[in-house]
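Welcome! Here is a short guided tour for anyone meeting this structure for the first time. Please take a look at the sequence and the model below before reading on.

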Amino acid sequence: MKKESYMSWDSYFMSIAVLSSFRSKDSKTNNGAVIVDSDKKVIGVGYNGLPKGFDDNKKHFWSDDDSSAKNSKHSYVVHAEANAIYNRNTSRVSGQVMYCTLFPCRECAKAIIQNNIVEVVYLNHKPHHKEINDVVKLMFKEAGVKLRDFGKLKIKDKEFIDNLVKLGESKY
């Protein structure tokens, strides 16, 4: 009898987040996110990108230099987690799970909490953001948002995500 093989739900949804990150025009941080409802349906997808109405095919007028608000990418880029919430295809996000390729920042954590997302599964984090990450962990703990590190999950098909990330040569 042939053993059935299939992709786990965690790997499936994380792969959608990784694929979404390939759309990012942010040369330093490619990030993708997907929101899933309790029926395992994708209800929102996002990546680090410019606000609606901006032509993301134009040469960027911003850089990684934060010395000037006008030139800083942080003035323009909408994070993947926020975009997934803004772009969701339902009016309700309550009780859902978000898969994201990068540990959420403080602002995205606030949006996740305010939209009643109950669980966040992340692929990687920026080690140099330890203090910020600790604040986000505290916020999630206080709000009852479950946090799971994809790398620490016991998933048999996890290597698929590693290969997908390598394919995109993303900078996580």
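What follows is a briefing on the sheet, the helices beside it and a few single residues.

Please keep in mind that this is a predicted model. At its heart for this tour is an open sheet of five strands with mixed pairing, in the order β2-β1-β3-β4-β5. Helix α1 packs on that sheet, and helix α4 links β4 to β5.

**The sheet as a whole**

- Reading across the sheet, you meet the strands in the order β2-β1-β3-β4-β5.
- The edges are formed by β2 (42-47) and β5, each of which pairs on one side only.
- On average, neighbouring strands of this sheet are turned by 15° against each other, direction ignored.

**How the strands pair**

- Strand β1 (residues 32-36) runs antiparallel to β2, and five bridges connect the pair. Here Val 36 is placed opposite Val 42 in β2.
- β3 and β4 run parallel and are joined by five bridges. To find this pairing in the model, look for Cys 100, which sits opposite Tyr 122 in β4.
- Strand β4 (residues 119-124) also pairs with strand β5 (residues 146-149), in the parallel sense and over four bridges. Two places to look are Val 121, opposite Arg 148 in β5, and Glu 119, opposite Lys 146 in β5.
- Is β4 enclosed or open to the outside? Five of its six residues are buried, so β4 is largely enclosed by the rest of the structure.

**Crossovers between parallel strands**

- A right-handed β-α-β unit is made by β3, α3 and β4.
- From β4 the chain passes through helix α4 (residues 130-143) to reach β5, and this β-α-β crossover is right-handed.

**Helix α1 and the residue before it**

- α1 counts 13 residues and spans 19 Å from its first C-alpha to its last, close to the 18 Å expected at 1.5 Å a residue.
- Which strands does α1 touch? Its contacts on the sheet are with β1, β2, β3 (97-102), β4 and β5, and its direction makes about 50° with that of β3.
- Because 10 of the 13 residues of α1 are buried, this helix is largely enclosed by the rest of the structure. Among the buried ones are Asp 10, Phe 13, Met 14, Ile 16 and Val 18. Several serines of α1 are buried as well, including Ser 11, Ser 15, Ser 20 and Ser 21.
- Ser 8 belongs to the segment before α1 (9-21). With a relative accessible area of 19%, Ser 8 is buried. Apart from neighbours within four places in sequence, Ser 8 is in contact with Ile 155 and Asp 157.

**Helix α4 and its two faces**

- α4 has 14 residues, and the distance from its first C-alpha to its last is 20 Å, close to the 20 Å expected at 1.5 Å a residue.
- Four residues to pick out are Asn 133, Val 136, Met 139 and Phe 140, which are buried in α4. They cover an arc of only 120° around the axis, so they lie on the same side of α4.
- Some background helps here: an α-helix has 3.6 residues a turn, so residues three or four places apart point the same way.
- What covers the buried residues of α4? The cover includes α3 (106-114), β4 and β5.
- Turned away from the buried side is a face with the exposed residues Lys 130, Glu 131, Leu 138, Lys 141 and Glu 142.
- After α4 comes Gly 144, with a positive phi near 80°.

**Two loop residues with positive phi**

- As a rule, most residues other than glycine have a negative phi. The next two residues are worth a look with that in mind.
- Lys 40 is not a glycine, yet its phi is positive, at about 65°. You will find Lys 40 in the loop between β1 and β2. Its relative accessible area of 41% makes Lys 40 partly exposed.
- Asn 116, also a residue other than glycine, has a positive phi near 60°. Asn 116 is located in the loop between α3 and β4. Its relative accessible area is 43%, so Asn 116 is partly exposed.

Key:
Residues numbered from 1 in each chain as written. Predicted model: local features only at pLDDT ≥ 70, side-chain atom pairs only at ≥ 80, totals over all residues. Heavy atoms only, no water. Buried < 20%, exposed > 50% of the residue type's maximum accessible area, 1.4 Å probe, protein only. Contact = heavy atoms within 4.5 Å. Pairing = 2+ DSSP bridges. Right-handed = clockwise from strand over helix to strand, strands pointing away. Expected span 1.5 Å × (residues − 1). Arc of directions from axis to C-beta. Axes fitted to C-alpha atoms, helices over the stretch in contact; angles between N-to-C directions.
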